[in-house]
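Student: Could you take me through one part of this structure closely? I would like to see how a single strand sits among its neighbours and what lies beside it.

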Amino acid sequence: MKKLLTLILASFVVVNCSNNNANAEPEVTFDILGVSFYNEFFPCVGGADYTPENVMAMMKAWRAQNISDDLLGAWGYAPAADTNGQQNGWWELSWESKEQADAAWAEWVADEGAMAWAQEYETVIACDGEARRGWVFQWHRDPYSYGEFPESGEFFTETFVCKFNEGKGESDLTESISLFNTWLDNGENYGSYAFGTYMTVEEDENIDFLWLNFHESADSAAKGAADWLAGGGEAAASIAATATCSNPPDYYNSWTLYDPARPQFSKGN
């Protein structure tokens, strides 16, 4: 676990570099609609020496290290409700494929300097890298259709754990998502919002996919949820017929930790 922790902690650093240069022109762009990514989640908790000051020191030390050029993005999630199914936080990494992810982890843990850095800061943030789990992630709508997310990189997440109802599958989910997008087209705009699905790549009798809603804030999430409950209509009925999802969802205060659109800040000062 000590070695596998390194890559996730490295991702935590980059957001501070990129946020300080939020107006810079992106240097890396790609069409993300309809594209499948291999995203990994694994649990993390603050260690015995977790303080803002120690995290900043950890980030400064990371800047002398290397992370994989194949890393497409990273995000962090801290629990924001006592009703969450689990009270640990999560780190998410995005790749083009499992092969790239596995190769990047193998290269990182073989780096002596990176391992020394990870050992020095292992009590600041404790992550179980061995518990990482892969998902096939897709956006189903332009993530900026409700406007840009805050330059701070902060956002609020609702996570639904879902299981297909008997006789239902991905084609039914696609139809439900189409109806949901139509509902969004006619709904109120309470600030930046995006959503995506994570299809499991492991056999699991309890989970077929995750549905994550990414909101500008907890307040905008609450307003959107109220609208949905009051008038989800055909879209809500379709989703309910397709899958059974956790209710309430898990809530997380969230941060963009690494943005490949600003690579000049990935390994700089």
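Tutor: Let's begin with β6 and its partner β8, in this predicted model. Strand β8 covers residues 209-215, and it pairs with β6 in the antiparallel sense over 7 bridges. To find one of these pairings on your screen, look for V161, whose bridge partner in β8 is L210.

β6 itself spans residues 154-164 and is mostly covered, with 8 of its 11 residues buried. Strand β10, residues 250-258, also runs antiparallel to β6, and 6 bridges join the two. Here you can look for E158, which has Y251 as its bridge partner in β10. Then there is β9, residues 243-245, which is paired with β6 through 3 bridges, again in the antiparallel sense. In this pairing, T244 of β9 stands opposite K163.

Now let's zoom in on one residue of β6, namely F160. Is F160 buried or exposed? Its relative accessibility is 18%, and the cut-off for buried is under 20%, so F160 counts as buried. What does F160 touch, once we set aside its neighbours within four places in sequence? The contacts are F209, L210, W211, N213, C245, S246 and P249. There is also a nice example of how the fold brings separate stretches of chain together: F160 and L212 are 52 residues apart along the chain, yet 6.2 Å separates their C-alpha atoms.

Next, what lies beside this strand? The second largest pocket holds about 820 Å³ of space. It is lined by 39 residues, and those closest to its centre are E158, F160, N213, A225 and W228. You have already met E158 as the partner of Y251, and N213 as a contact of F160. Several elements each give two or more residues to the lining: β6, α5 (170-185), β8, α6 (218-231), α7 (233-242) and β9. Which element supplies the largest share of the lining? That is α6, with 9 residues. By residue type, the lining divides into 24 nonpolar, 12 polar and 3 charged residues.

For a comparison, turn to β1, residues 37-46, which is mostly covered as well, with 8 of its 10 residues buried. Strand β1 has antiparallel partners too: 7 bridges join it to β3, 5 bridges link it with β5 (residues 133-139), and 3 bridges link it with β4 (residues 125-127). Example pairs to look for are Y38 with W95 in β3, E40 opposite G134 in β5, and C44 with C127 in β4. In β3, which runs over residues 89-95, you will also find S94. This serine is buried, at a relative accessible area of 5%. Beyond four places in sequence, the contacts of S94 include F37, Y38 and N39, along with D70 and W75.

Finally, step back to the whole chain. It contains 7 helices and 10 strands, and 46% of its 269 residues are buried. Of the contacts with a separation of 6 or more, 86% are between residues 24 or more positions apart. The chain exposes about 13,200 Å², of which carbon and sulfur atoms supply 49%.

Key
Residues numbered from 1 in each chain as written. Predicted model: local features only at pLDDT ≥ 70, side-chain atom pairs only at ≥ 80, totals over all residues. Heavy atoms only, no water. Buried < 20%, exposed > 50% of the residue type's maximum accessible area, 1.4 Å probe, protein only. Helix = DSSP H or I, 4+ residues; strand = E, 2+ residues; numbered from the N terminus. Pairing = 2+ DSSP bridges. Contact = heavy atoms within 4.5 Å. Areas by Shrake-Rupley, 256 points an atom, 1.4 Å probe, with all protein chains shown as cover. 1 Å grid on protein atoms, 1.4 Å probe; cavity = no way out; pocket = protein on both sides within 12 Å on 5 of 7 lines; lining within 4 Å. Points joined across faces, edges and corners; volume = space filled by probe spheres on them. Nonpolar A, V, L, I, M, F, W, Y, C, P; charged D, E, K, R; others polar.
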